[in-house]
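Thanks for making time this morning. I would like to take you through one structure, and I will keep to a few places in it.

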Amino acid sequence: MNILNSKSLLNYNTFKVNSIAEFFVNIKNTDEVLELLEEKKINGKEIFILGGGSNILFTKNITGLVIHNQIKGINIVSESKDDILIEIGAGEVWNDLVNWSTKRNLYGIENLSLIPGYVGAAPIQNIGAYGTEIRDVFEELESINLHTKEKTIFNKLDCKFGYRDSIFKNKVKGEFIITKIKIKL
């Protein structure tokens, strides 16, 4: 894990705005998140979680720490006759997950094809298209509280999904970094 100073965000947002992050780090796993939260260099700094950069327009430089979520992995957790439970790293590209599932004849998110962004943003926004939303297949997510450093699991009810809405856009905004989600297809 390498914390960078004065990092350009030009290549981290789809509008290609050259905003500068005071501190910037790519996170590749849960252990790195926990290690980062112990880092004295960023202690007390405001934290900004960045995914794919497709739902943001930078208008100024970012004071504090930008965490670019790069937690990868698509893993089958369990299978039954009727469905399959999949765990996905929050740093996976959403459309790559849709392609992965349809190539394996696993259905439930195919209507959500071509939605930009990362998997970790899907439950925050309760992404949806053509009558399907992430909440239709969502089981739970794993997150880390940025203040207490505790791992927290949110189930579907905990997320308080609404139309393009969740608890992460309101009550607990900025308090957690999503590390993994689980969906049932």
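I will begin with the aromatic rings, go on to one isoleucine, and end with the largest pocket.

Please keep in mind throughout that what you see is a predicted model.

Let me start with the rings, where a pair is described by the distance between the centres and the angle between the planes. The structure holds five aromatic pairs, and I will go through two of them. In the pair made by tyrosine 12 and phenylalanine 24, the ring centres are 4.8 Å apart and the planes stand at 50°, which is why the pair counts as tilted. Tyrosine 12 sits in the loop between β1 (4-8) and β2 (20-27), while phenylalanine 24 belongs to strand β2, so that the pair links distant parts of the chain, twelve residues apart. Tyrosine 12 and phenylalanine 24 are each buried. Phenylalanine 24 has a further neighbour to point out, since lysine 7 lies over the face of its ring, at 5.8 Å from the ring centre.

The other pair is phenylalanine 154 with phenylalanine 176, whose centres are 5.0 Å apart and whose planes are at 90°, so this pair is edge-to-face. Because phenylalanine 154 lies in strand β10 (residues 151-155) and phenylalanine 176 in strand β11 (residues 176-184), the pair ties together parts that are 22 residues apart in sequence. Both of these phenylalanines are buried, and ring pairs link Phe154, Phe168 and Phe176 into a cluster. Elsewhere, lysine 72 lies over the face of tyrosine 118, at 5.6 Å from the ring centre.

Now to the isoleucine, which is isoleucine 67, found in strand β4 (residues 62-69). Its relative accessibility is 1%, and therefore isoleucine 67 counts as buried. If we leave aside its neighbours within four places in sequence, isoleucine 67 is in contact with Val25, Ile27, Leu36, Ile47, Phe48, Ile49, Leu50 and Ile177.

Which residues, then, are the closest to the centre of the largest pocket? That pocket holds about 1500 Å³ of space, and of the 47 residues that line it, the closest to its centre are Phe48, Ile49, Leu50, Ile56 and Ile124. At least two residues of the lining come from each of β3 (47-50), β4, α3 (122-125) and β11, and β3 gives the most, with four residues. By character, the lining divides into 25 nonpolar, 16 polar and six charged residues.

Notes: Residues numbered from 1 in each chain as written. Predicted model: local features only at pLDDT ≥ 70, side-chain atom pairs only at ≥ 80, totals over all residues. Heavy atoms only, no water. Phe/Tyr/Trp six-rings, centres within 6.5 Å; stacked < 30°, edge-to-face > 60°. Buried < 20%, exposed > 50% of the residue type's maximum accessible area, 1.4 Å probe, protein only. Lys NZ or Arg CZ within 6 Å of the ring centre and 35° of its normal. Contact = heavy atoms within 4.5 Å. 1 Å grid on protein atoms, 1.4 Å probe; cavity = no way out; pocket = protein on both sides within 12 Å on 5 of 7 lines; lining within 4 Å. Points joined across faces, edges and corners; volume = space filled by probe spheres on them. Nonpolar A, V, L, I, M, F, W, Y, C, P; charged D, E, K, R; others polar.
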